[in-house]
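Colleague: I should like to understand how the labels attached to this structure are justified. May we take them in turn?

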Amino acid sequence: MKKTFAAAVIAAFLPAISHAATLNFPSDAPVASITIPDNWGPKETETGIDATSDDDAIYISIDVAGSETTDKVVEDAVAFLEKNGVKIDASTQKESSEKLNGMDMTNLDWSGSDNDGDVSVGLSFLSPKAGKLLVITYWGTKGMQEQHGAELQAIITSLKAAE
């Protein structure tokens, strides 16, 4: 009995094993793929994919835009953040560039707040193929987002152009 109880207590404190699947999006004509843990609840949206960490500390979406829809996709991302109570402090904007799996990526990052406190917000742009742009929207609770650093890094580095 004691061994069973001890095993149950130990099992309760072991980190959960998280399964993940590689998702191609949009599903009808994929331009990119990404691997997101199942416990983040990834789902296909009208324009891409979104997911939220199981503790609601991190929200990420990747939307596909064509040259004629880029402005609309960015406007929709900003509107989504505003609708969810996110206020961006424009004076904190930082811009950076990097390469991700052979694609040039531009990042815009800000500090801000939402109904729960301080947040980090980011928009990133990269092109998986000519005429297509991926717009990544990131929203994370400061103080909690660090707990997801490894998962988030794995998610972002898994983003690739579809073959």
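**Strands and their partners**

Modeller: Let us begin with one facing pair: W110 stands opposite V121 in β8. Please bear in mind that this is a predicted model.

Colleague: What makes β7 and β8 a pair of strands?

Modeller: Two strands pair if at least two bridges are found between them. Strand β7 (residues 103-114) and strand β8 (residues 117-129) have 10 bridges, in the antiparallel sense, and therefore they count as paired. With 2 residues between them, β7 and β8 form a hairpin.

Colleague: How do you know that β8 also pairs with β9?

Modeller: The requirement of at least two bridges applies here as well. Between β8 and strand β9 (residues 132-141) there are 9 bridges, again antiparallel, so the two strands are a pair. Within this pairing, G122 stands opposite Y138 in β9. The hairpin of β8 and β9 has 2 residues between the strands, and G131 takes a positive phi near 85° there.

**Salt bridges**

Colleague: Why is the meeting of D50 and K43 called a salt bridge?

Modeller: The cut-off is 4 Å between a side-chain nitrogen of Lys or Arg and a carboxyl oxygen of Asp or Glu. For D50 and K43 the N to O distance is 2.8 Å, so the pair meets the rule. By this rule the count comes to 3 salt bridges.

Colleague: Is D50 buried or exposed, and what of K43?

Modeller: Buried means under 20% relative accessible area. D50 has 9% and is therefore buried, while K43, at 47%, is partly exposed.

Colleague: Where do K72 and D76 lie with respect to each other?

Modeller: Both are in helix α2 (residues 70-83), 4 residues apart, which means that about one helical turn separates them. Their side chains meet in a salt bridge at 2.9 Å, N to O. D76 is partly exposed, with a relative accessibility of 38%.

Colleague: What makes D104 and K99 exposed?

Modeller: Exposed means over 50% relative accessible area. D104 has 52% and K99 has 56%, so each of these residues counts as exposed. The side chains of D104 and K99 form a salt bridge, with 2.7 Å from N to O.

**Contacts of T52**

Colleague: Which residues does T52 touch, leaving aside those up to four places away in sequence?

Modeller: T52 touches N39, W40, G41, I58 and Y59. T52 lies in strand β4 (residues 48-52) and is partly exposed at 28% relative accessibility. Although T52 and N39 are 13 residues apart along the chain, their C-alpha atoms are separated by 8.5 Å.

**Aromatic pairs**

Colleague: How many aromatic pairs does the structure hold, and why is the pair of F80 and W139 called edge-to-face?

Modeller: The structure holds 3 aromatic pairs. The centres of F80 and W139 are 6.3 Å apart and their planes meet at 75°. Rings pair within 6.5 Å, and planes over 60 degrees apart count as edge-to-face, so both conditions are satisfied. F80 lies in helix α2 and W139 in strand β9, so the pair ties together parts that are 59 residues apart in sequence.

Colleague: What accessibility do F80 and W139 have?

Modeller: F80 has 30% and is partly exposed, whereas W139 has 14% and counts as buried. Ring pairs link Y59, F80 and W139 into a cluster.

Methods: Residues are numbered from 1 along each chain as its sequence is written. This is a predicted model: local features need pLDDT of at least 70, side-chain atom pairs count only at pLDDT 80 or more; totals for chains, interfaces and linings use all residues. Side-chain values use heavy atoms; hydrogens and water are left out. Buried means under 20% relative accessible area, exposed over 50%, partly exposed in between (1.4 Å probe, protein chains only). Contact means heavy atoms within 4.5 Å. Rings of Phe, Tyr and Trp (its six-membered ring) pair if their centres lie within 6.5 Å; planes under 30 degrees apart count as stacked, over 60 as edge-to-face and the rest as tilted.
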